[in-house]
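Here are my notes from going through this one, written as if we were sitting at the same screen. Have the structure open while you read, and tick off each point as you find it.

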Amino acid sequence: MSNIHVLDQITIDKIAAGEVIERPASVVKELVENAIDAGSGSVTVEIKEGGISYMRIADNGCGIARDDVQNAFLRHSTSKIRAAEDLEHIASLGFRGEALSSIAAVSQVEMITKTKEQLLGTRYQIAGGKEEELEDTGASDGTTFLIRQLFYNVPARRKFLKTPITEASHVGDLMTRLALSHPEISFQFINNGQSRLHTSGNGNLKDVIYHVYGREITANLIPLEYKNNGLSLSGYIGAPLISRGNRNFENYFINGRYVKSNIIYRAIEDAYKDFSMQHKFPFTVFHITIDGEHVDVNVHPTKMELRFNNQQEVYNTLYEAIDSALHGRELIPKVTLDE
Ligand code: ADP
Ligand code: MG
């Protein structure tokens, strides 16, 4: 008799879920990224008990056609890429087709979705990877997910969750970053019945910064605009006097994605070296747009890490741009024709 066998699908999904879904904030991240990819203009996230017992993520995006609903929950099923070549030109946040199958493997999921073309919406229930119900329902355009009892069937994981207050603060931090990374989308975050964040979606990054960080920080911003060699920067850096005690205020987004990159932290902090006191960290919120072929986002399932083709060039560009902004220098002299 053979000792080696292929695992069944539910077990495979449960194992894979371990890489993507660590805590309530990971569920919110995946589902809000899907909402963004779906072209939503507004996204509401509501949680109770830190998200452990209840999360609602509602969007007004394109919805999922009834015939696609079950497929969407299969592992490696995605509408965003078709072949490996597409990885070089990813415009969407998702592409691995793992989130829905992973979330459904470790929680109780109810999804209501409707496309513009359909008269009726679809209600789908799946728990622990097992489909429970698929039916027509009245619904407005878009998709709403209800996620209940995260890790109810993975006691080892559930045990490692922190208190509801801590888990809720992770979700809150995430919502802040999502709002900053997409000023053109209205985000609302409700924690235990109280609205914690509600951005207008008017597209103005400074308005979102004001909403999140308040007057003092907003009054001390230096614009950062730069464009060259397939890399552009747009956003704000804080005047050195509003530097903070930790790195949490260094926000940057690459191609619309919140990531962490040591090379970018270094470039920012090196540029501030002459300006800030020791042990202080700059305040920044800016977007980096870089051609897809110069960056690999498929390094880790959560896509929080990425790899640049030319790290040194990214470092130099960023350092130069921030250094110039801090010195009040224009990197590219403005040419005004009517003078
Ligand atoms: P990925 O985002 O990597 O494609 P997911 O498992 O997150 O994989 O989602 C699977 C598919 O389900 C997506 O490719 C998309 O077609 C569909 N989908 C998921 N969430 C939404 C949503 N909020 N609105 C519209 N379609 C969605
Ligand atoms: Mg996704």
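1. Start with the shell around ligand 1, keeping in mind that this is a predicted model. Sorted by class, that shell has nine polar, eight nonpolar and five charged residues. In total, 22 residues surround the ligand, and the closest are Asn34, Thr78, Ser79, Gly94 and Ala99.

2. Which helices each supply at least two residues of that shell? Look for α2 (24-37) and α4 (99-105). Of these, α2 gives the largest share of the shell, with three residues.

3. Now zoom out to the domains. The domain assignment splits the chain into domain 1 (9-198) and domain 2 (216-326). Their C-alpha centres are 28 Å apart. Where they touch, 13 residues of domain 1 are in contact with twelve residues of domain 2.

4. Stay on domain 1's side of that contact for a moment. Both α1 (9-20) and α6 (164-181) supply at least two residues there, and α6 gives the most, with three. By class, the residues on this side come out as five nonpolar, three polar and five charged.

5. Next, α10, which is a nice helix to practise on. It runs over residues 311-326, so count along the 16 residues if you like. From first C-alpha to last it reaches 22 Å, close to the 22 Å expected at 1.5 Å a residue.

6. Which residues of α10 are buried? They are Val314, Thr317, Leu318, Ala321, Ile322 and Ala325. Look down the helix axis and you'll see why they belong together: the buried residues of α10 fall within an arc of 115 degrees, so they line one face of the helix. Turn to the face pointing away from that buried side and you'll meet the exposed residues Gln312 and Asn316.

7. What do the buried residues of α10 pack against? Their partners are the strands β9 (221-228), β10 (231-238) and β15 (307-308), along with helix α9 (262-272). Before you leave this helix, check Gly328 just after α10: its phi is positive, at about 70 degrees.

8. Try the same exercise on α9. Its buried residues are Ile264, Ala267, Ile268, Ala271 and Tyr272. Around the axis they cover an arc of only 125 degrees, which puts them on the same side of α9. The cover over these buried residues includes β11 (250-254), β13 (284-290) and α10.

9. Two backbone angles deserve a second look. Most residues other than glycine have a negative phi. His76 isn't a glycine, yet its phi is positive, near 60 degrees. You'll find His76 in the loop between α3 (66-72) and α4. Is His76 buried or exposed? His76 has 9 other C-beta atoms within 10 Å, and a residue with 12 or fewer counts as exposed, so His76 is exposed.

10. The other one is Phe151, which has a positive phi of about 65 degrees although it is not a glycine. Phe151 sits in the loop between β6 (142-148) and α5 (155-159). Run the neighbour count here too: Phe151 has 20 C-beta neighbours inside 10 Å, and the cut-off for buried is 20 or more, so Phe151 counts as buried.

Methods: Residues are numbered from 1 along each chain as its sequence is written. Chains are lettered from A and ligands numbered from 1 in the order in which they are written. This is a predicted model: local features need pLDDT of at least 70, side-chain atom pairs count only at pLDDT 80 or more; totals for chains, interfaces and linings use all residues. A residue is near a molecule or strand if its C-beta atom, placed from the backbone, lies within 6 Å of it. Helices (H or I, at least four residues) and strands (E, at least two) are DSSP runs, numbered from the N terminus. Ala, Val, Leu, Ile, Met, Phe, Trp, Tyr, Cys and Pro count as nonpolar, Asp, Glu, Lys and Arg as charged, and the others, Gly among them, as polar. The expected span of a helix is 1.5 Å times one less than its number of residues. The arc is that of the directions from the helix axis to the C-beta atoms. Two residues are in contact if their C-beta atoms, placed from the backbone, lie within 7 Å. Domain bounds come from an automatic or database domain assignment.
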